[in-house]
Amino acid sequence: MFGLADCNNFYCSCERVFHPELRDVPVVVLSNNDGCVIARSEESKALGIKMGTPLYQVRELLEKNRVAVFSSNYTLYGSMSGRVMSLLASYTPSLDIYSIDEAFLDLSNMGDGSYLKTYGEEIAARVGRATGIPISIGIAPTKTLAKVGSKFAKKYPGYKRCCLIDTDERRRKALELFDVGDVWGVGRRIAEKLNYHGIHTAADFANKSESWVRSHFNVTTLRTWKELNGVSCVSIEELPRKKSICTSRSFADAGVTDWNVLEEAVANFASRSAQKLREQKSYCLSVTTFAYTSRFRIDVPSHVIYGSHHLTVASNDTAEIIRAALRVLREGRAEGGFAYKKAGVILWNIVTHEGVQQDLFDPVDRKKQAALLEAIDRINHKNGHDTVRVAVQGTDIRFGLKHEYLSRHYTTDIDDILVAKN
């Protein structure tokens, strides 16, 4: 049996922990540079605010309904996620963290259905009390069914935040009420193809024969079909890794005119991309850097930088990837006073450790490099993002995000700790 713990409206819930007066008030969280809505409380969803809507399009609606608006505070969200995950880890011998707000718990051999239901309710209640973050838990024989269960636990209060799918009858009933497009592992294109064949619910899909699924879809979709039928065959480690990793940012106001600031920005984007690469235990062979001025202004000089550098040996070393990214940026530099509105770094040609081809003349001691990276990652995980960084990264203050609605770093900055007053 597997449990899937899913934090409810996570970003909004994190903000509410430190603003309890907003518990029943509509809340939204904005993307980088306060551009679009990326998180909504249930009250905001009821107002018709859609995910990804630009702020300027809903500003009047937000003001009219007194919606609480926050800039994205990823430092706070990461810290709160760590607290939730550490609590969840105490309830299972094996915890697989799937995303910042989701994790799978191995609940095998822990008791019968009635016990697991009570156990799940206890987990949800304790995490809520200890962190202030409401979570929903689905428990089932497969991870995909557990995801289905967590959706029901979130939607219906009667489940007391834990939905158990432990019998074939419960499985069939849940799938009949579940849209096939919402099934974990079914993307938009697959959902459209299933709809074309008259399949609209998860039950419709599960009731198809294995031979039919094999003839129309790939092995990944076949695994999803098996999971919906109670056969566990999906491992977190086997999930597809990203084929490319991009970190980019649009700069506020007129853009960045100082070349040194642009280099700092690109160095930080490369560092973040390298960290993402290590998190999925991968390496890259190619690094692409881009930077360009505003595409909508004809009253200022325009310039585009775009190029790639190919590494001799696949790497996930921060310093090595930063060097490659800056090399491309410097090669594309041109004379003139340009205001760069956006820049970014893309890592591609991604391979696993087994796919790394060594070079006889490689001057880098890869074993020492790996040990150094591991030590740096441990330090940064314990003390905060980029506590140890490459000097060329500088600080992100000079090219910082526009965040007019940013909350404080309550859990990671001693100057932002809440003060109790008599």
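Strands E5 (residues 95-99) and E6 (residues 102-106) run antiparallel and are held together by four bridges; pairing here takes at least two DSSP bridges, and strands are DSSP runs of at least two E residues, helices of at least four H or I, numbered from the N terminus. The model is a predicted one, with local features needing pLDDT of at least 70 and side-chain atom pairs counting only at 80 or more, while totals for chains, interfaces and linings use all residues. Residues are numbered from 1 along each chain as its sequence is written, and side-chain values use heavy atoms, without hydrogens and water.

A hairpin takes the chain from E5 to E6 through two residues, and Asp96 ends up opposite Phe104 of E6. Phe104 also has company on its ring: the charged end of Lys143 sits over it, 6.0 Å from the centre. Lys208 does likewise with Trp212, at 4.8 Å. (A charge sits over a ring if Lys NZ or Arg CZ is within 6 Å of the ring centre and within 35 degrees of the ring normal.)

As for ring against ring, there are 19 aromatic pairs, counting Phe, Tyr and Trp (six-membered ring) with centres within 6.5 Å; planes under 30 degrees apart are stacked, over 60 edge-to-face, the rest tilted. Tyr11 and Tyr74 are edge-to-face because their planes meet at 75 degrees, with centres 6.1 Å apart. This pair links distant parts of the chain, helix H1 (residues 10-17) and helix H4 (residues 74-89), across 63 residues. Ring pairs also tie Phe10 and Tyr77 into a cluster with Tyr11 and Tyr74.
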